[in-house]
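I opened this entry to keep a record of what I looked up, beginning with helix packing and going on to burial, cysteines and one proline.

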Amino acid sequence: MDKILYMVVPCYNEEQVLEETTRRLSEKYDALMKADKISPKSRIIYVNDGSKDNTWKIIEDIHKNNKMFRGICLSRNRGHQNAVLCGLMYAKEDADMVICMDADLQDDIDAIDEMVDRYHEGFDIVYGVRNSRKTDTFFKRFTAQAYYKLLLFMGVDIVYNHADFRLMSKRVLNEMENYKEVNLFLRGIVPMIGFPSTNVYYERHERFAGESKYPLKKMLHFAFDGITSLSVKPIRLITTLGSVIFLFSIVMLLYSIIVHLTGRSMIGWSSIMVSVWALGGLQILAIGVIGEYIGKIYMETKSRPRFIVQEYLKDED
């Protein structure tokens, strides 16, 4: 069976952790090669996503010292999902299987062994799934769980407690290339592709060094992208809510007529103000959600490139 494993590691301002990540990945690859689980032609690709520190310089030095490591430098910061996609598309030309993981060492490198084993058993997709969220704060744990449940409610096919730590076979990546959307949400796209899949459970670690590249604002933006990129249910919910309010208004109209005819009508300033503010807020919310979808359509119709590669460091086989 084909055994060429490539790894794609997106990097954004990771100078504090990159050398340790390199050491651990190098040791893991050596062990897998000795066990004859992967081919000596296996490689690791660091994707520099427009870092502002010395990340790219470190990647260049790593490549010079160890040809097992390759480097891709994007022309500017394009975001985590686009950086991952870039690495996957470059890796699929030479690899039989590709694993993507973050550079911060929170994903368990030892889980790679089991992922490769599952691939050799015939699975095209192996999801790395967290077995707990003990290392998260209460706020992050609560919001993450609520978000996954919200996605499932919205009809998005997603693996619970899975981020972007996964193995994919070559034929999965060939099919992924056919997905041309600009608004990427890989966690939702990969399950849509199909093919045999399974889960590998692991304990997520604390970040080795540096700071999280996903503050609350970015996380909220990413979360909203995930919903609007893969589901139209928010628009349908607005339609349903509008229908309910319309039916309620008919009931209120009939009630008002009856009250007027019986001579019990009163000037209701409070009820009018509440109605105006409630319906006004609902209308603005509805326009905002619809506008979000229109904005995404606008970006998709432009068909702009999702990433531009400035430089690609690779060994000359």
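I began with the pair H1 and H2, whose axes lie 10 Å apart and which pack at an angle of about 30°. Angles under 35 degrees count as roughly parallel, so I entered H1 as roughly parallel to H2. For the handedness I noted that H1 passes H2 in a right-handed crossing. I kept in mind that this is a predicted model, and that every entry here is a reading of that prediction.

Which residues of H1 and H2 meet? On the H1 side I listed Leu18, Glu19 and Thr22, and on the H2 side their partners Thr55, Ile58, Ile59 and Ile62.

Next I asked which residues of H2, running over residues 55-65, are buried. I wrote down Thr55, Trp56, Ile58, Ile59, Ile62 and His63. Looking down the axis of H2, I found these buried residues within an arc of 155°, which means that they line one face of the helix. On the other side of H2 I recorded Lys64 and Asn65 as exposed.

I then looked for what covers the buried residues of H2, and the cover includes two elements from the start of my list, strand S1 (5-11) and helix H1 (18-34), together with strand S2 (43-48), strand S3 (69-74) and strand S8 (309-313). H1, already entered for its packing against H2, is thus one of the elements in that cover.

I turned to the cysteines and asked how many disulfides the model holds. The count came to 0 disulfides, taking a pair of cysteine sulfur atoms within 2.5 Å as the criterion. I also checked burial, for which the cut-off is under 20% relative accessible area: Cys73 is buried because its relative accessible area is 6%, and Cys86 counts as buried at 0%.

I looked up Pro234 as well, and found this proline in helix H9, which spans residues 233-261. Pro234 has a relative accessible area of 13%, so I entered it as buried. Its C-alpha atom is separated by 7.5 Å from that of Met154, although the two residues are 80 residues apart along the chain.

Last, I noted some totals for the chain, which has 10 helices and 8 strands. Of its 317 residues, 44% count as buried. Among contacts in the chain with a separation of 6 or more, I recorded that 83% are between residues 24 or more positions apart.

Terms used:
Residues numbered from 1 in each chain as written. Predicted model: local features only at pLDDT ≥ 70, side-chain atom pairs only at ≥ 80, totals over all residues. Heavy atoms only, no water. Buried < 20%, exposed > 50% of the residue type's maximum accessible area, 1.4 Å probe, protein only. Helix = DSSP H or I, 4+ residues; strand = E, 2+ residues; numbered from the N terminus. Arc of directions from axis to C-beta. Contact = heavy atoms within 4.5 Å. Axes fitted to C-alpha atoms, helices over the stretch in contact; angles between N-to-C directions. Parallel < 35°, antiparallel > 145°, perpendicular 65-115°, else oblique. Left-handed = near helix turned anticlockwise from the far one by under 90°.
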